[in-house]
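Subject: Handing over the structure, with notes

Dear colleague,

I am passing this structure on to you, together with some notes on what was found in it. Please look through the sequence and the model first, and then read on.

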Amino acid sequence: MGGESGRPGLHIPLYAADIIGAQFIKQRGDDMRKLTRNAWIESRFGGLTIGALASDSEILLIDCPLRTEDVREWLGQLSTLGSPRYLAMMDGYPDRVLGARVVGLPILAQDRTLEAVLGMSDTFKGNTHPIGADSDRLKRITGVQKALPTIIFSHSMTLHLGGRAIQFLHRPGPHPGAMWVLDEVEGLLFIGEAVAIEEPPYLGTADIERWLGLLDDLREGGFASYRMVCARGGLVSREDIHGMARFLRKVRNRVKKLQRERDPKEIAAGFAEELLEDFPVAASRREIAMTRLRVGLEDSVRPGESADR
């Protein structure tokens, strides 16, 4: 394993699948979707689509569920396919961080994600600043610092998983520490929040111009031949990428308008309702998605920035 800040040869003999075992597999685990012989995704544990890559009986987790019982079930499912060895934390969004604290695996992340986790209190209270995350509903979570990434990189890194090389690429835009995971052998690219299909992303940590640049890379760069998987909807089509670009251009315009307002909160709520129509959000999740958009727009209006920035 190599990279700008990677730690070659790091090996932590704590294998969660060996601890959890297959007793947590449930009938509904059949919902796990197989993309290739060595790749799976799962979207029933909440708002995020998570994934797994396997090579020679070793498994890399791409994010993980938020709730402890769901983490156990997910690891139980995967234990029938091999031994989970690493967890890739795609950025510092709270739902990703809080689930990772109980996985018991070495966590890989970009160094800005490490900064984000270090900046979190060891006790998390979801109602302190609700952002439309599923973790907003959690009253009190302790041990957040157990989710600290232990394998970090700056620009890129390669992990040798079994007999296969998996690449990690820093791609800020949705979040300063956002990354992509590339498996050239399986022809798969996990892109985190770069594209959202079923629900809107949180916008409060976004750099919209860089984000739009990422979408150009997906459409016109060297990634177009890969099957892409996003964290909010799974498999990505070319039209999904176009739709995301249209959405972000609308967001950019709304944020500029909000920058001119003395009190943007009321107007942000109206903009959020408008923008939510770009997504086929399930009725049961409409309220949380609306909060995510509204607060994300509010948090995007940063003191001292002008509309013409």
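Which residues does I191 touch, not counting residues up to four places away in sequence? Before the answer, please keep in mind that this is a predicted model. With those sequence neighbours left out, I191 touches M90, W180, L218, M228, V229, C230 and V236.

**The nonpolar cores**

I191 also belongs to the largest nonpolar core, which has 42 residues, and it is one of those with the most contacts inside that core, the others being V195, L215, L218 and L297. Several elements each supply at least two residues of this core, namely β13 (179-183), α5 (208-220), β15 (227-230), α6 (238-259), α7 (265-276) and α8 (286-300). The largest share, eight residues, comes from α6. A second core of 30 residues is separate from this one, and I59, L75, I107 and V117 are included in it. As background, nonpolar side chains in soluble globular proteins tend to be buried together.

**Strand β13 and its partners**

One of the elements that supply the largest core, β13, deserves a paragraph of its own. Five of the five residues of β13 are buried, so this strand is largely enclosed by the rest of the structure. From β13, the residues M179, V181 and D183 point one way, while W180 and L182 point the other way, and all are buried.

On the side of strand β12 (residues 164-170), four bridges join the two strands, which run antiparallel, and H170 stands opposite M179 in β13. Strand β14 (residues 188-190) also pairs with β13 in the antiparallel sense, here over three bridges, and the bridge partner of V181 in β14 is F190. Between β13 and β14, which form a hairpin, there are four residues, and in this hairpin G187 takes a positive phi near 70°.

**Strand β3 and its partners**

Strand β3 (residues 39-42) can be described in a similar manner: A39 and I41 point one way, W40 and E42 point the other way, and all are buried. Strand β2 (residues 33-36) pairs with β3 in the antiparallel sense over three bridges, and the partner of R33 in β3 is I41. These two strands, β2 and β3, form a hairpin with two residues between them. Strand β4 (residues 50-55) is joined to β3 by four bridges, and the two run antiparallel; within β4, the bridge partner of A39 is L53.

Please also look at the loop between β4 and β5 (58-62), where D56 is found. The phi of D56 is near 50°, a positive value in a residue other than glycine, and D56 is exposed, with a relative accessible area of 62%. S57 has its place in the loop between β4 and β5 as well, and although S57 is not a glycine, its phi is positive, at about 70°. For context, most residues other than glycine have a negative phi.

**Pocket and cavities**

The largest pocket holds about 530 Å³ of space. Of the 23 residues that line it, G92, P94, M120, F124 and I131 are the closest to its centre. Sorted by class, the lining of the largest pocket has nine nonpolar, nine polar and five charged residues.

A search of the whole structure also finds three cavities of 30 Å³ or more. The largest cavity holds about 100 Å³ of space, and it is lined by F45, G46, G47, L48, I50, C64, P65, L66, R67, D95, R96 and D134. In that lining, six residues are nonpolar, two polar and four charged.

The second largest cavity has a volume of about 50 Å³. Its lining is made up of T49, I50, G51, I62, D63, M90, F190, G192, V229, C230 and A231, and β4 and β15 are the elements that give two or more residues to it. By class, there are seven nonpolar, three polar and one charged residues in the lining of the second largest cavity. To return to the opening question, M90, V229 and C230, which are among the residues lining this cavity, are also among those that I191 touches.

With best regards

Definitions and conventions: Residues numbered from 1 in each chain as written. Predicted model: local features only at pLDDT ≥ 70, side-chain atom pairs only at ≥ 80, totals over all residues. Heavy atoms only, no water. Buried < 20%, exposed > 50% of the residue type's maximum accessible area, 1.4 Å probe, protein only. Pairing = 2+ DSSP bridges. 1 Å grid on protein atoms, 1.4 Å probe; cavity = no way out; pocket = protein on both sides within 12 Å on 5 of 7 lines; lining within 4 Å. Points joined across faces, edges and corners; volume = space filled by probe spheres on them. Nonpolar A, V, L, I, M, F, W, Y, C, P; charged D, E, K, R; others polar. Core = buried A, V, L, I, M, F, W, Y, C linked by side-chain atoms within 4.5 Å. Contact = heavy atoms within 4.5 Å.
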